[in-house]
Amino acid sequence: MPTKLTEAQGATEARPSVTDNRAAKIMRMRELVGYRLRGQLDELMQSFSVDSEMYMGGGTQFSSISGRYQGRAEIREKMESMQDLFTQITLEVVDLLVEGDDVAIRWKCKPRNQPAEPKGWLEGMTVVKFRDDLVTYYGNYVDTAALQKLFEWR
């Protein structure tokens with residue numbers, strides 16, 4: 001499945017820090033994002049703890065992806081249902097923030113068939129919490145009404 005992931009210049013480069021934790025978390029996130037965008041859900045789910053939680057922000061009246069999901073099986077099922085979305089978008093990582101075992105990814109996306117004009121991009125944030133190098137929480141925050149409009153979902 002072809003997937004395009006672009007990055008703002010320097011967005012995922014390791015910056016100097018007191019420990020190597022930041023660089024390690026950035027490398028781990030790049031690996032996990034790659035699995036997600038390539039549809040490698042088996043590999044991705046091995047990185048989630050058994051009791052992990054996924055939260056997809058927004059109102060369910062605007063988006064079928066919104067809600068809370070518990071455990072690997074439920075999270076995988078929801079991710080499988082969303083996989084088609086990732087074939088339709090260009091996703092750009094804007095910045096990564098690392099605080100201990102928590103990582104926040106600020107990103108923007110647009111439909112692949114749309115020109116790269118600034119007003120066509122939709123911004124969002126993903127928060128990932130780790131415990132023993134496994135994902136315990138995956139939270140995705142985006143304006144689902146704007147997402148619906150951008151992709152012309154009915």
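Which strand does phenylalanine 48 lie in? Phenylalanine 48 lies in strand E2, and a later legend comes back to this residue. The model shown here is a predicted one.

**Figure 1. The whole chain, with four helices and seven strands.** Let's start with the full view. Reading from the N terminus, the elements follow the order β-α-α-β-β-α-β-β-β-β-α. The protein has 154 residues, and 47% of them count as buried. If you take the contacts between residues at least 6 apart in sequence, 53% of them join residues at least 24 apart. The accessible surface adds up to about 8,600 Å², and carbon and sulfur atoms account for 50% of that.

**Figure 2. Where the prediction is confident, and where it isn't.** Across the protein the mean pLDDT is 82, with 81% of the residues at 70 or more. Strand E2 comes out highest, at a mean of 96, while strand E1 (residues 5-7) is lowest, at 53. Then have a look at residues 14-18. Here pLDDT stays under 50, and the model gives this stretch eight contacts beyond four places in sequence. Where pLDDT is low, the predicted coordinates should not be read in detail.

**Figure 3. One cavity inside the protein.** Rolling a probe the size of a water molecule over the atoms shows where empty space is left. In this model, one cavity of 30 Å³ or more turns up. How much space lies in the largest cavity? The answer is about 420 Å³. Its lining is made up of 27 residues, and the closest to the centre are Arg36, Phe86, Thr126, Tyr138 and Asn140.

**Figure 4. The walls of the largest cavity, element by element.** Quite a few parts of the chain chip in here. Two helices that each supply at least two lining residues are H1 (21-37) and H3 (71-87). The strands that do so include E2 (48-56), E4 (89-99) and E5 (102-111). Strands E6 (122-131) and E7 (134-142) likewise give at least two residues each. Which element gives the most to the lining? That's H1, with five residues. As for the kind of residue, the lining holds 24 nonpolar, two polar and one charged.

**Figure 5. Phenylalanine 48, a buried residue of strand E2.** Zoom in on phenylalanine 48 and you find a side chain with plenty to touch. Leaving out residues up to four places away in sequence, phenylalanine 48 touches Arg72, Ile75, Met79, Leu134, Val135 and Tyr138. Tyr138 is also one of the residues closest to the centre of the largest cavity. Arginine 72 sits 24 residues from phenylalanine 48 along the chain, and their C-alpha atoms are separated by 6.7 Å. Phenylalanine 48 counts as buried because its relative accessible area is 2%, and the cut-off for buried is under 20%.

**Figure 6. Glutamine 70 in strand E3.** Strand E3 covers residues 67-70, and glutamine 70 belongs to it. Is glutamine 70 buried or partly exposed? With a relative accessibility of 46%, glutamine 70 counts as partly exposed. Beyond its neighbours within four places in sequence, glutamine 70 is in contact with Asp51, Ser52 and Glu53. Now look across to tyrosine 137: the two residues are 67 apart in sequence, yet 9.5 Å apart in space, C-alpha to C-alpha.

**Figure 7. Glycine 120, a buried spot in a loop.** This view shows the loop between E5 and E6, which is where glycine 120 sits. Glycine 120 counts as buried, since its relative accessibility is 5%. Not counting residues up to four places away in sequence, glycine 120 touches Cys109, Lys110, Pro111, Gln114 and Leu150. Lysine 108 is 12 residues away in sequence, with a C-alpha to C-alpha distance of 9.8 Å from glycine 120.

**Figure 8. Aspartate 132 and aspartate 133 in the loop between E6 and E7.** Most residues other than glycine have a negative phi. Aspartate 132 has a positive phi of about 55°, although it is not a glycine. Aspartate 133 has a positive phi too, near 65°. How do they sit relative to the surface? Aspartate 132 counts as exposed, at 70% relative accessibility, whereas aspartate 133, at 40%, counts as partly exposed.

Key:
Residues numbered from 1 in each chain as written. Predicted model: local features only at pLDDT ≥ 70, side-chain atom pairs only at ≥ 80, totals over all residues. Heavy atoms only, no water. 1 Å grid on protein atoms, 1.4 Å probe; cavity = no way out; pocket = protein on both sides within 12 Å on 5 of 7 lines; lining within 4 Å. Points joined across faces, edges and corners; volume = space filled by probe spheres on them. Nonpolar A, V, L, I, M, F, W, Y, C, P; charged D, E, K, R; others polar. pLDDT = per-residue confidence, 0-100. Contact = heavy atoms within 4.5 Å. Buried < 20%, exposed > 50% of the residue type's maximum accessible area, 1.4 Å probe, protein only. Areas by Shrake-Rupley, 256 points an atom, 1.4 Å probe, with all protein chains shown as cover.
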